[in-house]
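Grab a pencil and have the viewer open. Try each exercise yourself before reading its solution.

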Amino acid sequence: MSDPTRRPARAGSNPQSAAGAGSRAGRRERPRPSYRRESFVERHRTRLLVGGTIVVAALVVGFLYVGATQKAYACSTLVDPVAATAAPNGSPRLGQQEKDMGNSHVAVGTVQRYTYCPPASGNHFNAAGQGPIAARYYPPDEGTEPQGWVHNLEHGALVVLYNCSGGCPDDATLQKLKTFASAFPPSPICNLPAGRIGPVVTRFDDMKTKYAALVWDRLLMLDSFDTDRILAFFAAEGERSNPEKQCAAPSPSGIPSAEPSSQPSAGPSGSAGPSGSPAASPSG
């Protein structure tokens with residue numbers, strides 16, 4: 001039987017539910033963290049930056065190395081030494097002929113390809129200090145370019161080359177080469193003193209023998225350094241085929257008959273001495 005004095009409960013007035021609602025209302029909900037998977041680049045960013053820096057540095061160093069070691073010339077064919085031929089008088093003629101490759105000027109810095117090496121002719125530089133070059137001995141670590149000394153050949157010089165591709169000559173032989181340059185006799189036709197335009201004694205590795213002596217269009221290839229043969233070669237062949245003559249052709253008496261048609265520059269005192277470096281000529 002119901003109690004008439006008890007008031008009916010109002011909807012929603014459950015004490016337990018009210019207490020629970022109050023506790024939830026007084027507490028903030030924490031935001032749930034959202035997790036995002038990092039990409040490969042983000043995870044390895046530092047390593048990628050370091051690796052990229054190393055690659056770029058290696059490329060730069062490689063480029064500089066190639067530029068510094070790249071030859072300023074190229075060879076299509078290395079000349080084979082041949083047996084001596086007979087001169088008109090029947091005696092053996094020293095050296096061998098090389099086909100002429102012209103004598104045009106090219107800009108300094110041009111990479112020149114020679115059909116034959118060592119080149120006894122061909123395109124060359126025509127700039128002070130670059131071609132013709134100073135007539136002297138050049139040690140192995142003081143490289144020269146054929147575009148420079150080919151211009152010396154054009155003026156009638158003797159160029160003596162030594163090969164370091166299988167190892168440079170020993171110190172005693174290098175000293176002989178140095179002495180050869182300093183004790184060189186006057187030229188056979190124009191009587192030019194040593195140091196005026198020749199000889200040039202320098203390293204050149206692109207040839208099939210250890211040594212070679214060159215005049216314009218002709219070379220003497222040697223397996224050992226032979227001062228007497230080289231001097232005999234220059235006496236017989238020097239100043240005869242070069243395009244830029246330093247004096248007129250010899251008269252029947254054997255003496256040059258006129259002043260030089262084209263001369264290297266004079267030394268500081270006004271006379272062309274051994275210490276004066278040859279200058280570029282206006283025509284050749």
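The exercises below go from the whole chain to one sheet and its helices.

Residues are numbered from 1 along each chain as its sequence is written. The model is predicted, with local features needing pLDDT of at least 70, side-chain atom pairs counting only at pLDDT 80 or more, and totals for chains, interfaces and linings using all residues, while side-chain values use heavy atoms and leave out hydrogens and water.

**Exercise 1.** Take stock of the chain's helices, strands and buried residues.

*Solution.* Start with the DSSP runs, numbered from the N terminus (helices are H or I, at least four residues; strands are E, at least two). That gives six helices and nine strands. Next, burial: 36% of the 284 residues are buried, meaning under 20% relative accessible area with a 1.4 Å probe, protein chains only.

**Exercise 2.** Work out the strand order of the five-stranded open sheet and find its edges.

*Solution.* Count two strands as paired if DSSP finds at least two bridges between them. The order then reads β4-β9-β8-β6-β7, with mixed pairing. Pairing on one side only marks β4 (96-97) and β7 (200-203) as the edge strands. Now zoom in on β4: two bridges join it to β9 (residues 218-222), antiparallel. Gln96 has Leu219 of β9 as its bridge partner.

**Exercise 3.** Place helices α5 and α6 on this sheet.

*Solution.* Look for contacts (heavy atoms within 4.5 Å). Helix α5 (residues 171-182) touches β6 (159-162), β7 and β8 (211-215). Helix α6 (residues 227-237) packs against β6, β8 and β9. For directions, fit lines to C-alpha atoms, for helices over the stretch in contact, and take angles from 0 to 180 degrees between N-to-C directions. You get about 170° for α5 with β6, and about 170° for α6 with β9.

How values were computed:
Buried means under 20% relative accessible area, exposed over 50%, partly exposed in between (1.4 Å probe, protein chains only).
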